[in-house]
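User: Hi! I'd like to walk through a protein model with you, looking at its strands, its charged pairs and its ligand site. Shall we begin?

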Amino acid sequence: MRHWTVRDSSELYGISNWGSTYFSITPNGDIQVHPRGQGKGGVNLPDLVEEIRRRGLHTPLLVRFSDILASRVAELAGCFERAMEEYAYKGRYRAVYPIKVNQQRPVVEELVEFGRPYCLGLEVGSKPELLVALALIDTPGALIVCNGYKDRAYIETALLAQKLRRHPIIVLDRPTELENLIKISRELGIRPHIGVRARLAARGAGKWVESSGDRSKFGLSVSEIVATVGRLRSEDMLDCLELLHFHIGSQITAIRAHKDALREASRILVGLLDLGAKIRFFDVGGGLGVDYDGSQTNFHSSMNYSTQEYANDVVAAVAEACEERGMPHPDIVTESGRALVSHASVLIFEVLGVDRVAPRPEPGPLQEAEHPVIEELHQVWTNVSHKNVLESYHDAMQLKEEGTSRFNLGYLDLAARGRMEELYWCCCHKILRVVREMDYVPEDLQGLERLLADIYYGNFSVFQSLPDSWAMGQLFPMMPIHRLDERPTRRGIFADLTCDSDGKVDQFIDLRDVRNVLELHAPDGKPYYIGAFLVGAYQETLGEMHNLFGDTDTVHVHVEPDGHYRIEHLVEGDTVEEVLSYVQYDRRGLTERVRLAIETALRNGDITLEESALLRRRYEQALSGYTYLIQEG
Ligand SMILES: *Cc1c(COP(=O)(O)O)cnc(C)c1O
């Protein structure tokens with residue numbers, strides 16, 4: 001066999017396809033992160049994990065790279081600036097970050113900071129998010145785009161924000177919101193900045209499309225928009241209407257969907273200008289994709305366009321529509337969230353153990369007087385060849401079924417059944433080895449790889465840390481973060497800590513298709529770390545506490561210009577006590593009950609004093625400890 005190199009690993013896991021410029025593999029086989037670009041300071045990921053562990057944090061660990069956030073903001077803005085130059089566009093570009101994508105304070109604070117040169121604002125969809133935006137945005141001129149359901153408190157807070165020299169725009173998501181807004185702004189004597197969300201006929205494509213189409217939950221139809229203009233004019237408030245917004249969904253995989261939406265929305269824009277509305281902001285919403293599998297295709301976990309192409313299309317659509325009618329160019333606002341924050345976060349967990357279907361690759365030799373079923377299975381195993389794989393597979397299956405019914409009738413004892421199963425799996429393994437060398441795999445044998453995959457038990461919860469993997473079948477790039485100079489000799493799937501059969505990852509990225517197994521390394525007695533990449537968008541807040549596994553430990557890493565890195569915002573994940581309090585258990589109540597049970601046991605002589613002390617200590621420590629498994633040593 002040819003010598004395995006890190007280049008083979010790079011190709012196998014596709015790191016240069018999905019990793020953008022941020023991730024690579026060192027000659028020693030470790031993943032390196034260079035948040036400021038290649039050659040500007042790299043962080044060795046396994047070393048970083050070791051250092052963080054020595055500081056007392058644990059895996060599973062979420063690592064966020066501030067400089068990747070900075071780089072993403074600069075890249076998005078750069079693409080729009082280039083597009084505007086090319087089309088001699090006269091309006092400005094303004095990024096707005098939708099808080100719901102990742103509301104964690106360090107993330108939002110840093111985005112606001114890195115976004116200052118581009119006047120980055122925030123988009124909010126609820127009262128809690130509005131309160132955050134109000135406190136955090138202090139960039140002069142930065143927008144606060146207010147979406148979502150709005151009660152009086154929401155509207156009043158948004159209006160009063162103007163008195164702090166903020167620029168909140170209250171976007172009408174539903175036609176009924178208008179009267180309330182007119183009434184409240186009148187009472188407060190504050191003229192609102194108003195936006196309308198258009199409900200386009202153009203639809204997104206992919207798994208996240210529900211935000212558009214004629215019956216979408218949000219947005220005003222064209223007739224409702226026209227009525228809104230009339231109503232505002234009658235209140236002498238038409239000048240308040242300054243933003244046109246649409247959002248066709250998240251992770252739009254096809255540029256075509258963006259183009260269709262842009263064409264329709266820019267016609268609406270021109271129509272509104274015609275009606276006398278002074279639209280200053282054209283807000284194209286989110287939906288800019290992330291190429292999770294690196295295939296650059298119209299697949300749900302990919303995208304078939306670049307950020308630059310997207311920016312060009314947005315700018316061109318507005319420029320054309322406005323020029324045709326001699327209208328002024330509005331500022332262009334994007335609400336891209338996923339594209340800004342996905343790359344910055346990496347989840348790292350360690351493998352706790354590996355379960356193999358057949359522990360031994362070869363069955364022991366045939367003994368004297370073994371059951372005929374076993375003899376026949378052994379025969380099948382011996383004879384597996386390129387010529388007869390399909391037949392061997394069918395024979396093995398049939399013999400296994402036969403053996404099982406003999407067992408059920410009492411003609412096969414327990415040890416013999418164990419032997420039969422072992423032989424069956426050995427047959428499957430041998431058949432699979434042949435199948436892997438075949439150009440064409442018969443349908444019956446296609447599931448074999450999956451059937452024989454090793455199960456790698458990971459110290460993490462899919463529901464907490466990768467909820468979209470479970471809920472939507474979204475793919476995230478996953479791979480070992482070290483040992484990449486070594487050939488991965490196993491193929492496996494991941495199972496998490498929860499007692500839920502859905503708590504697993506068994507779909508992996510591939511350039512052409514979806515892979516059912518991931519190439520992994522055989523356990524070598526040392527910790528084996530897996531990284532799940534591009535997890536910065538939506539995963540942190542959508543996560544839930546299945547089996548009461550809580551938030552993971554988190555660190556924020558910042559790379560200095562000289563290439564050294566600094567660890568900031570070291571945040572310990574939930575303790576057991578904390579997650580228990582979310583479901584109404586309090587520490588004192590629990591320890592008191594256990595103490596009473598221990599007293600009873602002591603009185604009855606069921607437990608010694610030393611055992612009772614150990615149990616109490618363990619109980620107390622566990623309450624204060626991490627919800628995940630702690631590695632010893
Ligand atoms: C969720 C949302 C976004 C963010 O979408 P991404 O696909 O993450 O860029 C933007 N605008 C609105 C109104 C949203 O609801």
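User: Which strands close into a barrel, and in what order?

Analyst: Happy to help! This is a predicted model, in which local features need pLDDT of at least 70 and side-chain atom pairs count only at pLDDT 80 or more, while totals for chains, interfaces and linings use all residues. Residues are numbered from 1 along each chain as its sequence is written, and side-chain values use heavy atoms, leaving out hydrogens and water. Strands here are DSSP runs of E with at least two residues, helices are runs of H or I with at least four, and both are numbered from the N terminus; two strands pair if DSSP finds at least two bridges between them. Eight strands with parallel pairing close into the barrel, in the order 5-6-7-8-9-10-11-12.

User: In strand 11, which residue is the bridge partner of Leu243?

Analyst: Strand 10 (residues 241-245) runs parallel to strand 11 (residues 281-283), and three bridges join them. In strand 11, the partner of Leu243 is Phe281.

User: Strand 13 also has pairings; which residue of strand 14 is the bridge partner of Val351?

Analyst: Let's take the neighbours of strand 13 in turn. Strand 13 (residues 345-355) runs antiparallel to strand 4 (residues 61-65), with four bridges, and Leu61 has Ile348 as its partner there. Four bridges also join strand 13 to strand 19 (residues 529-532), again antiparallel, with Leu347 bridged to Ala532. Strand 14 (residues 454-458) pairs with strand 13 in the antiparallel sense over four bridges, and the partner of Val351 is Gly458.

User: On to charges: how many salt bridges does a search of the whole structure find?

Analyst: Side chains of opposite charge can pair when their charged atoms come close. A salt bridge here is a side-chain nitrogen of Lys or Arg within 4 Å of a carboxyl oxygen of Asp or Glu. Some are linked in a network, including those of Glu179, Arg186, Arg231 and Glu235. For the whole structure, the search finds 44.

User: Asp67 forms a salt bridge with Arg36; how many residues apart are they?

Analyst: The closest N and O atoms of Asp67 and Arg36 are 3.7 Å apart. Asp67 is in helix 4 (residues 66-86), whereas Arg36 is in the loop between strand 2 (31-33) and strand 3 (43-44), and the pair links distant parts of the chain, 31 residues apart.

User: Is Asp67 buried or exposed?

Analyst: Buried means under 20% relative accessible area, exposed over 50% and partly exposed in between, using a 1.4 Å probe and protein chains only. Its partner Arg36 has 32%, so Arg36 is partly exposed. Asp67 is at 6% and therefore counts as buried.

User: Glu50 forms a salt bridge with Arg53; what separates the two along helix 3?

Analyst: Their closest N and O atoms are 3.9 Å apart. Glu50 is partly exposed at 36%, whereas Arg53 is buried at 18%. Because they are three residues apart in helix 3 (residues 45-54), the separation is about one helical turn.

User: How much of the accessible area of the ligand does the protein cover?

Analyst: Polar contacts, meaning pairs of N or O atoms within 3.5 Å, give us a start. Ligand oxygen atoms lie 2.6 Å from a side-chain N or O atom of Lys100, 2.5 Å from one of Ser250, and 3.0 Å from a backbone N or O atom of Gly287. With areas from the Shrake-Rupley method and a 1.4 Å probe, the ligand on its own has 390 Å² of accessible area, and the protein covers 92%.

Technical notes. Polar contact = N/O pair within 3.5 Å; in protein donor to acceptor, adjacent residues only side chain to side chain.
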